[in-house]
Amino acid sequence: MSAAQKDKLMADLKAVLVDAEALLAATAHDASAGVVELRAKAQATLARAKDGLLDAQGAVIDKAKAAAKATDGYVHENPWKSVGVAAGVGLLLGMLIGRR
C-alpha cells in the first residue's frame, strides 16, 4: 500500500468517525431501551476506533521519522553519492517531462 493510499485511508476513517459521532448526537433525544443500548455500543466502538487510529497514525509518524533520520545519516556519510543520485534522478525527470 503506497503512502498516498494510506493517507487516503486515514482520511476516510476520520470522516467515518466524524459522521458516526454526528449520527449518535442526532439520535441522542431517542430514549427507547434498544436505541440507548445501541448508542452505548456504538460509542464504545468509536472510542476504540479512535484509539486505534491514533496509534496507527503515531506508528506511521515514527516510521517516517526513522526513515528521514536514516536518509540523513546516509547523505552525511556519502555526500557525493547522494549528489550523483539526485543529479541522475533530476536528469531522468527532466527527460521525461521534456518528452511531453
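# Reading a predicted three-helix chain

Analyst: The protein chain of this predicted model averages a pLDDT of 82, and 98% of the residues score at least 70. Here pLDDT is the predictor's confidence in each residue, from 0 to 100. Local features need pLDDT of at least 70 and side-chain atom pairs count only at pLDDT 80 or more, while totals for chains, interfaces and linings use all residues. Residues are numbered from 1 along each chain as its sequence is written, and side-chain values use heavy atoms, with hydrogens and water left out.

User: Where in the protein chain is confidence lowest, and where is it highest?

Analyst: Where pLDDT is low, the predicted coordinates should not be read in detail. In this chain the lowest mean, 78, belongs to helix α1 (residues 3-26), and the highest, 91, to helix α3 (residues 79-99).

User: How many helices and strands does the protein chain have?

Analyst: Helices (H or I, at least four residues) and strands (E, at least two) are DSSP runs, numbered from the N terminus. This chain has 3 helices and 0 strands, in the order α-α-α from the N terminus on. The radius of gyration is 23 Å, well over the 13 Å that the globule rule gives for 100 residues, so the chain is more spread out than a compact globule. That radius is taken over C-alpha atoms, and the globule rule is 2.2 Å times the number of residues to the power 0.38. Along the principal axes, the C-alpha atoms fill a box of roughly 70 × 35 × 15 Å.

User: What percentage of the residues of the protein chain count as buried?

Analyst: Buried means under 20% relative accessible area, exposed over 50%, and partly exposed in between (1.4 Å probe, protein chains only). Of the 100 residues, 7% count as buried. One residue classed as buried is serine 82, at 17% relative accessibility; serine 82 lies in helix α3.

User: Which residues does serine 82 touch, leaving out those up to four places away in sequence?

Analyst: Contact means heavy atoms within 4.5 Å. By that rule serine 82 touches Tyr74 and Val75.

User: Is leucine 23 buried or exposed?

Analyst: Leucine 23, in helix α1, counts as exposed because its relative accessibility is 56%. Its C-alpha atom is 9.6 Å from that of arginine 39, and the two residues are 16 apart in sequence.

User: How should alanine 56 and valine 89 be read?

Analyst: Each is partly exposed: alanine 56 at 33% relative accessibility, valine 89 with a relative accessible area of 45%. Alanine 56 lies in helix α2 (residues 33-77), and valine 89 in helix α3. Separation along the chain and separation in space are two readings. Alanine 56 and methionine 10 are 46 residues apart along the chain, with C-alpha atoms separated by 9.0 Å. For valine 89 and glycine 52, 37 residues apart along the chain, the C-alpha separation is 38 Å.
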